Amino acid sequence: MTIEIANESGVAVDETSIVSAARFALDRMEVSPLAELSVVLVTLDVMSDLHERWMDLPGPTDVMAFPMDELDAARRPDAGDPSPALLGDIVLCPAFARDQARTAGHSLLDELHLLTVHGVLHLLGYDHAEPAEEREMFGLQKRILADFKAAVAEAKRQDAQRTADDRLLGAAGLDGPADAES
């Protein structure tokens, strides 16, 4: 799975973590590993322009998703064409998301993870225009984010354990190249 990210927003963010959230959501949704996704982080002015041009709504927003027509090839396990499918683009606005994060009581990165998962779901055809659609999409979004956070926490726990084990082995003199051969 190829995920390209471009930060044109002027806001420093952990781009690797945003890509990880997108990859996790795509994996969870069983999207083909041949799929391609683009994530772009933009300024308030750029987002305002996109929001007005494509949604006919004034001012900036937090996330927009622009799906491509190749969605079916990316999702269907029985699709005959093995070529990569371009899912589309997710556009995030960190400057707009910062206020939402503050209001929600979490970090900007947590908000960007939420918006990334939200954008992925839009690319896969989910919407929240009707109440039933909103319940389905937001419920799925909540589960994916909870699972992503749990996976990140577990990876950090394992890294900490490895570091502690390495320190212990080093203190015992068992970390040298000669020990690896025996």
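**Sheet and helix packing in a predicted model**

I'll start with the sheet. Four strands form an open sheet with mixed pairing, and their order is 1-2-4-3. Strand 1 and strand 3, residues 63-67, are at the edges with a single partner strand each, so one side of each has no neighbour in the sheet. From one strand to the next the twist averages 15°. Please keep in mind that this is a predicted model.

Now the pairings. Strand 1, residues 2-7, runs parallel to strand 2, residues 36-41, and six bridges join the two. To give you a register, glutamate 4 has serine 38 in strand 2 as its bridge partner. On to the next pair: strand 2 and strand 4, residues 86-92, also run parallel, and six bridges join them. Here the register can be read from leucine 37, whose bridge partner in strand 4 is glycine 88.

Two helices that lie on this sheet come next. Helix 2, residues 44-55, packs on the sheet and touches strand 3 and strand 4, with its direction at about 50° to that of strand 3. Helix 5 lies across strand 2, strand 3 and strand 4, and runs at about 145° to strand 4.

One connection deserves a look. What is the hand of the β-α-β unit made by strand 1, helix 1 and strand 2? In this model the unit is left-handed, with helix 1 spanning residues 15-28.

Now the helix pairs, beginning with helix 4 and helix 5. Helix 4 covers residues 94-104 and helix 5 covers residues 108-123; they pack at an angle of about 110°, with their axes 8 Å apart. An angle from 65 to 115 degrees counts as roughly perpendicular, and helix 4 and helix 5 are therefore described that way. The crossing of helix 4 past helix 5 is right-handed. On the helix 4 side the contact has Pro94, Ala97, Arg98, Gln100 and Ala101, and these meet Leu108, Glu111, Leu112 and Leu115 in helix 5. By class, that contact has six nonpolar residues, one polar and two charged.

Helix 5 also packs against helix 6. Their axes come within 10 Å and cross at roughly 130°, which makes helix 5 oblique to helix 6. Again, helix 5 passes helix 6 in a right-handed crossing. From helix 5, the contact residues are Asp110, His113, Leu114, Val117, His118, Leu121 and His122; from helix 6, they are Met137, Phe138, Leu140, Gln141, Ile144, Leu145, Phe148 and Lys149. This contact divides into nine nonpolar, four polar and two charged residues.

The last pair is helix 1 with helix 6, residues 131-171. They pack at about 120°, and their axes are 10 Å apart. Helix 1 and helix 6 are therefore oblique to each other, and their crossing is right-handed. Which residues of helix 6 does helix 1 meet? They are Ile144, Asp147, Phe148 and Ala151, met by Ser17, Ser20, Ala21, Phe24, Ala25 and Arg28 of helix 1. The classes here are six nonpolar, two polar and two charged.

If you have the model open, look at Ile144 and Phe148 in helix 6. Both are in the contact with helix 1, and both are in the contact with helix 5.

Technical notes. Residues are numbered from 1 along each chain as its sequence is written. This is a predicted model: local features need pLDDT of at least 70, side-chain atom pairs count only at pLDDT 80 or more; totals for chains, interfaces and linings use all residues. Side-chain values use heavy atoms; hydrogens and water are left out. Axes are lines fitted to C-alpha atoms, for helices over the stretch in contact, and angles run from 0 to 180 degrees between N-to-C directions. Angles under 35 degrees count as roughly parallel, over 145 as roughly antiparallel, 65 to 115 as roughly perpendicular and the rest as oblique. A crossing is left-handed if the near helix is turned anticlockwise from the far one by less than a right angle, and right-handed if clockwise. Contact means heavy atoms within 4.5 Å. Ala, Val, Leu, Ile, Met, Phe, Trp, Tyr, Cys and Pro count as nonpolar, Asp, Glu, Lys and Arg as charged, and the others, Gly among them, as polar. Two strands pair if DSSP finds at least two bridges between them. A crossover is right-handed if, with the strands pointing away from the viewer, the path from the first strand over the helix to the second runs clockwise.
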